[in-house]
Amino acid sequence: MASNSRQLRLVFFPHLAHGHLIPTVDMARLFARLGVKVTVATTPLNALLFAHIIQRDKESGFDICARVMKFAAEEVGLPPGCENASSLTSQQMTSKFLMAVDLLRLPLEELLEELRPDCLVADAMFPWATDIAIKFGIPRLVFHGTSCFALCVAHSLVRHEPFRNVASESELFDVPALPHQIKMTRSQLPDYMKEKTETVVKRLMNQVMQSDSSSYGVVVNSFHELEPAYSEHYSKVMGRKAWFVGPVSLCNNDKKDKAERGNAPSISTHECLRWLDSKKPNSVLYVCFGSIFRTRGARLNEIAKGLEASGQDFIWVVRKVDDDEEKEEWLPEGFEERIKGKGLIVRGWAAQVAILEHEAVGGFMSHCGWNSTIESIAAGVPMVTWPLCAEQFSNEKLVTDVLKIGVGVGAKVWRRWTDESVAEGEISMEDIERAVSRVMVGEEGDEMRNRARELKNVAREAVDEVIRETCRRWRLCLGVTNGTGVFEDIVNQILLLPKDSICQF
Ligand code: UDP
């Protein structure tokens with residue numbers, strides 16, 4: 001049993017992309033509820049994204065704040081204000097962005113020098129953060145921002161390279177040595193994994209994958225019951241230390257917190273929820289492809305036709321390549337007239353968690369970013385899966401093949417997220433209609449929905465327990481942490497670490 005009378009101080013250092021910032025801030029807020037002093041270190045414009053939420057938590061008495069560090073956008077040739085991955089539109093910009101990210105080492109060191117925290121929770125995209133933590137004699141926890149399943153798949157692929165033994169991009173192979181039989185094709189894998197020669201991205205991604213073994217441990221935005229076989233595989237077979245702290249989105253109980261997660265919504269959340277109020281339970285499909293991926297007219301046109309053909313009501317969040325284009329040529333003629341009352345198009349940003357939690361939402365067409373996936377699970381909503389980039393093809397396998405709470409549209413080709421091109425015959429309106437109907441209509445859809453609901457209940461219990469317990473402790477005695485919950489476990493382990501052992505991970 002660990003008992004401590006001083007307050008633990010954690011610094012969270014999220015990657016500069018919504019898909020990493022949003023869950024990291026949620027996680028930081030959960031730790032603050034435990035009585036931990038929490039600082040989120042980021043750049044000025046990214047700090048603005050969650051300033052309101054942090055301010056509200058502070059007013060509620062939690063010890064949480066953001067500290068900003070200068071981002072050297074202009075020094076590396078990026079336009080001023082380009083501080084977030086969602087502003088990048090080309091591979092060239094991405095390379096410059098990574099250079100500017102690298103320049104955050106010094107400001108981070110200066111901040112740690114000033115704050116002298118007990119632990120650094122840094123995103124996996126900063127492999128160098130472990131060395132900095134060692135310099136300050138503190139442990140570093142890694143946050144990958146993905147599922148344990150995806151980490152296990154990536155580990156197996158890199159270790160066994162099964163994709164080298166197939167004759168074509170489309171031939172299926174087994175991902176070796178995993179708890180389930182998982183089949184993939186070479187075309188679904190990231191370029192950097194397949195490349196034989198070392199590139200900047202390949203080197204970075206290898207370092208990212210090694211971060212978890214060289215650090216004190218890993219925090220995962222997932223819950224053990226969701227992927228028990230992979231949680232065990234990760235610790236017993238891969239020998240990594242992981243804590244499951246999710247779904248972290250469930251820390252947003254307040255309506256305002258749900259509405260202000262990430263960007264300001266392009267449509268009032270109140271209006272959106274009122275529109276959903278007028279719909280029957282499980283009758284609306286929510287469509288959104290995350291915070292980064294933008295798409296070209298041809299794909300949008302196919303989606304519009306597929307949605308209309310499915311006959312389902314929908315909310316569709318569109319992040320288009322040519323945002324300024326006034327003429328909406330991508331919509332089929334007369335589309336908006338025909339879908340009046342049946343479909344809501346949101347151009348920009350929607351309050352995703354609030355929408356998913358509405359009882360009228362019966363399905364989520366998603367690119368399978370991990371946050372969207374776990375948020376869908378936490379809301380008990382089955383998915384229409386359309387992976388595009390990053391580790392999204394792995395997340396799709398978890399949803400469709402392991403959890404059986406989703407149907408794929410049939411996406412076959414991994415792409416860089418700055419690649420907005422649409423290949424000939426990629427995904428047709430028929431593919432979309434078929435997958436949407438399977439999820440939204442009939443017995444198969446109901447079965448998936450029931451399974452998703454069961455997972456939602458388990459997820460809520462997991463996080464409710466953490467929040468209930470930690471809030472009770474917060475009120476009882478600030479800084480006394482002797483429970484058995486997952487957050488207490490992390491806190492206790494860090495507090496009990498002998499300072500001089502920290503460098504020997
Ligand atoms: N999100 C949102 N509204 C939008 C688009 C995205 O709230 O219109 C949030 C979503 O809830 C999730 C995050 O942005 O928390 C996207 O993360 P994900 O991992 O799903 O995808 P990424 O953006 O990293 O591709």
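**Exercise 1.** Find which helix gives the most to the shell around the ligand.

*Solution.* Start with the ground rules: this is a predicted model, where local features need pLDDT of at least 70, side-chain atom pairs count only at pLDDT 80 or more, and totals for chains, interfaces and linings use all residues. Residues are numbered from 1 along each chain as its sequence is written.

Next, list the helices (DSSP runs of H or I, at least four residues, numbered from the N terminus). Helix 1 (18-33), helix 15 (352-356) and helix 16 (370-378) each put at least two residues into the shell. Helix 16 takes the prize, with 4 residues.

**Exercise 2.** Work out which residues come nearest to the ligand, and how the shell splits by class.

*Solution.* A residue counts as near if its C-beta atom, placed from the backbone, lies within 6 Å of the molecule. There are 20 residues around the ligand, and Gly19, Gly290, Ser291, Gly369 and Ser372 come nearest.

Now sort by class: Ala, Val, Leu, Ile, Met, Phe, Trp, Tyr, Cys and Pro are nonpolar, Asp, Glu, Lys and Arg charged, and the others, Gly among them, polar. You get 9 nonpolar, 9 polar and 2 charged residues.

**Exercise 3.** Place strand 1 (residues 9-13) among its partners.

*Solution.* Strands are DSSP runs of E, at least two residues, and two of them pair if DSSP finds at least two bridges between them. Strand 1 runs parallel to strand 2 (residues 37-42), with 4 bridges; here Arg9 sits opposite Lys37. Strand 4 (residues 119-123) is also parallel to strand 1 and joined by 4 bridges, with Cys119 as bridge partner of Leu10.
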